[in-house]
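Reader: I have the model open and I'd like to know where the labels come from. Can you take me through them one at a time?

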Amino acid sequence: MASSTITKGKVPSYMAHGRQRARGIISDREIRFKCFFQNTILDVLRARAGWQEAQGDGDWDFYWCDREWLHSNYDTVFLQEHQKILHFRNHYELTRKNLMVKNLKRFRKQMDKESKKIDAQAWDFFPSTFELPSEYHLFVEEFKRYPGAIWIMKPAAKSQGKGIFLFRKLKDITDWKKGEYQPLPDPNIPKDIPETYVVQRYIDNPYLIGGRKFDIRIYVLVVSYNPLKVWLYRGGFARFSNTRFSLDSIEDTYIHLTNVAVQKTSPDYDPEKGCKWSAQQLRKYLLAKHGLEKVKNMFFAIDNIIVKSLQSVQKIIINDKHCFEMYGYDILLDNNLKPWLIEINASPSLTASGQEDYDLKFGLLNDVLNVLDLENRLTGKEKRIGGWDLMWDDGPVFLEAMAQDTGLPSCLTVNSFLGCQNSRKEQLREMYTLAETYKSSMNTINAS
């Protein structure tokens with residue numbers, strides 16, 4: 001048995017590249033893994049041929065760790081050349097609600113300053129947001145501009161709908177802010193620091209199906225920030241509320257919060273169905289109701305959200321070739337099919353709500369391991385691996401061959417197929433449909 005691959009030291013792993021000799025090709029032996037979680041990811045790892053669970057603190061090649069372990073250990077461990085670990089060191093720059101918005105605002109301002117002319121619509125994908133208590137007075141000014149508007153309060157660092165509430169009047173948050181903005185008579189007197197919240201304009205015109213609100217969980221895999229390399233998963237799901245939408249009862253969480261952790265406490269919740277549609281079901285429904293052009297534009301707008309959000313932290317995230325991140329993006333559609341970024345999760349739930357959900361997550365995670373390729377089977381030039389499509393590789397990724405087959409310009413052949421079937425036949429059929437739409441529109445233009 002080789003010596004332990006974790007070595008305590010003073011230099012963080014991301015600064016220690018080259019200090020230790022790389023091991024031989026990992027595919028010449030069993031791959032040893034560790035896993036913090038007791039859910040679908042553990043099933044996937046145990047079922048994978050040629051992979052073996054590491055015992056205790058022994059030698060490992062792959063670690064699906066929790067965020068707390070990473071924060072406690074990352075700066076004091078050396079990683080061998082081949083080792084892979086979940087999470088980048090400061091992933092929270094994108095996954096804490098307040099930092100996500102702060103970085104998006106900063107990046108938008110930077111782009112505006114550098115180019116002087118940015119497409120404002122391309123950046124209009126997150127609601128007006130303020131951090132409390134630090135931006136309370138800015139929030140009050142904005143609040144007064146829109147009398148009667150609904151706002152939503154969220155703890156910056158919590159998930160699963162915990163601590164969220166809606167309000168229309170400032171007095172509704174009096175208990176929350178009471179005493180927090182009064183000067184202290186003596187700065188040496190200890191005082192509890194209030195929990196950081198974000199307050200957002202509530203999207204009060206959500207797209208409804210069957211009268212119910214939903215959001216879309218989208219999986220995004222980042223294997224590098226420098227250069228930025230991003231994979232988008234074709235699968236995903238829409239999470240529905242269990243109660244018909246209404247603005248008359250803003251205190252009813254079953255109406256307004258689509259989190260499974262909230263909805264599963266509803267009296268008539270069906271654990272097998274889980275209030276979910278697959279991304280494929282949602283795409284088919286929207287295509288049938290609104291047509292290809294509108295739905296295509298909607299999915300392109302979602303691509304824009306993913307890329308710009310990642311670019312906003314590209315120079316901030318501590319890049320490390322040992323690290324990867326599988327994000328869970330939560331996107332809400334309004335009744336104009338405009339997508340809004342609600343939040344980004346660093347640890348999207350991998351616990352299945354039913355058999356269909358389990359099958360989705362099992363395939364998703366197995367394909368993650370295929371992309372990471374610890375077995376050294378890939379060429380490095382793949383644009384599709386299982387259900388993952390390479391959408392960004394230091395720039396947008398296109399399907400050149402597909403463009404030749406269909407006559408489409410490259411701008412319409414971006415390698416992104418969220419909600420599409422996993423078969424190449426279905427992909428080709430959709431691309432040909434796009435081609436016909438494009439040619440038809442060009443003929444109309446030329447005729448006029």
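**Strands, helices and salt bridges, label by label**

Author: Let's start with a strand pair: β6 and strand β8 (residues 197-201) run antiparallel and are joined over five bridges. This is a predicted model, where local features need pLDDT of at least 70 and side-chain atom pairs count only at pLDDT 80 or more, while totals for chains, interfaces and linings use all residues. Residues are numbered from 1 along each chain as its sequence is written, and side-chain values use heavy atoms, with hydrogens and water left out.

Reader: What makes β6 and β8 a pair?

Author: Strands pair if DSSP finds at least two bridges between them. β6 and β8 have five, so they qualify. One of the matches sets Pro155 against Tyr197 in β8. "Strand" itself is a DSSP label: strands are runs of E with at least two residues, helices are runs of H or I with at least four, and the numbering starts from the N terminus.

Reader: How do you know that β6 also pairs with β7?

Author: Same test: three bridges link β6 to strand β7 (residues 165-167), again antiparallel, and the cut-off is met, so they are a pair. Here Trp151 has Phe167 as its bridge partner.

Reader: Which strands make up the whole sheet, and in what order?

Author: The order is β5-β8-β6-β7, an open sheet of four strands with antiparallel pairing. β5 (129-132) and β7 are at the edges with a single partner strand each, so one side of each has no neighbour in the sheet. On average, neighbouring strands are turned by 25° against each other, direction ignored. β5 joins β8 over four bridges, with Thr129 opposite Gln200. Helix α6 (residues 136-145) packs on this sheet and touches β5, β6, β7 and β8, its direction making about 140° with that of β5.

Reader: Why is β6 called largely enclosed?

Author: Buried means under 20% relative accessible area, exposed means over 50%, and partly exposed is in between (1.4 Å probe, protein chains only). In β6 (residues 151-155), five of the five residues are buried, so the rest of the structure largely encloses the strand. In a regular strand the side chains alternate between the two faces of the sheet. In β6, Trp151, Met153 and Pro155 point one way, Ile152 and Lys154 the other.

Reader: Is His91 buried or exposed, and how do you know?

Author: Its relative accessibility is 2%, so His91 counts as buried. His91 is in the loop between β4 (84-86) and α3 (92-95). Contact means heavy atoms within 4.5 Å, and beyond residues up to four places away in sequence, His91 touches Arg67, Leu70, His71, Ile317, Glu325 and Ala346.

Reader: And what makes Thr351 partly exposed?

Author: Thr351 has a relative accessible area of 48%, which falls in the in-between range, so "partly exposed" fits. The C-alpha atoms of Thr351 and Asn39 are 5.6 Å apart, although 312 residues separate them along the chain.

Reader: Why are α10 and α11 called oblique?

Author: Axes are lines fitted to C-alpha atoms, for helices over the stretch in contact, and angles run from 0 to 180 degrees between N-to-C directions. Under 35 degrees is roughly parallel, over 145 roughly antiparallel, 65 to 115 roughly perpendicular, and the rest oblique. Helix α10 (residues 279-290) and helix α11 (residues 292-311) pack at about 135°, so they are oblique to each other.

Reader: What makes Glu375 and Arg48 a salt bridge?

Author: The rule asks for a side-chain nitrogen of Lys or Arg within 4 Å of a carboxyl oxygen of Asp or Glu. The closest N and O atoms of Glu375 and Arg48 are 3.1 Å apart, so the pair counts. Glu375 is in the loop between α12 and β15 (384-385), Arg48 in the loop between α1 (40-47) and β2 (51-53), 327 residues apart. Both are buried.

Reader: How do you know that Asp330 and Arg239 tie parts of the chain together?

Author: Their side chains meet in a salt bridge at 3.3 Å, N to O. Asp330 is in strand β13 (residues 323-333) and Arg239 in strand β11 (residues 228-240), so the pair ties together parts 91 residues apart in sequence. Asp330 is buried at 2%, and Arg239 is buried at 7%. Both belong to a salt-bridge network with Asp215 and Arg217.
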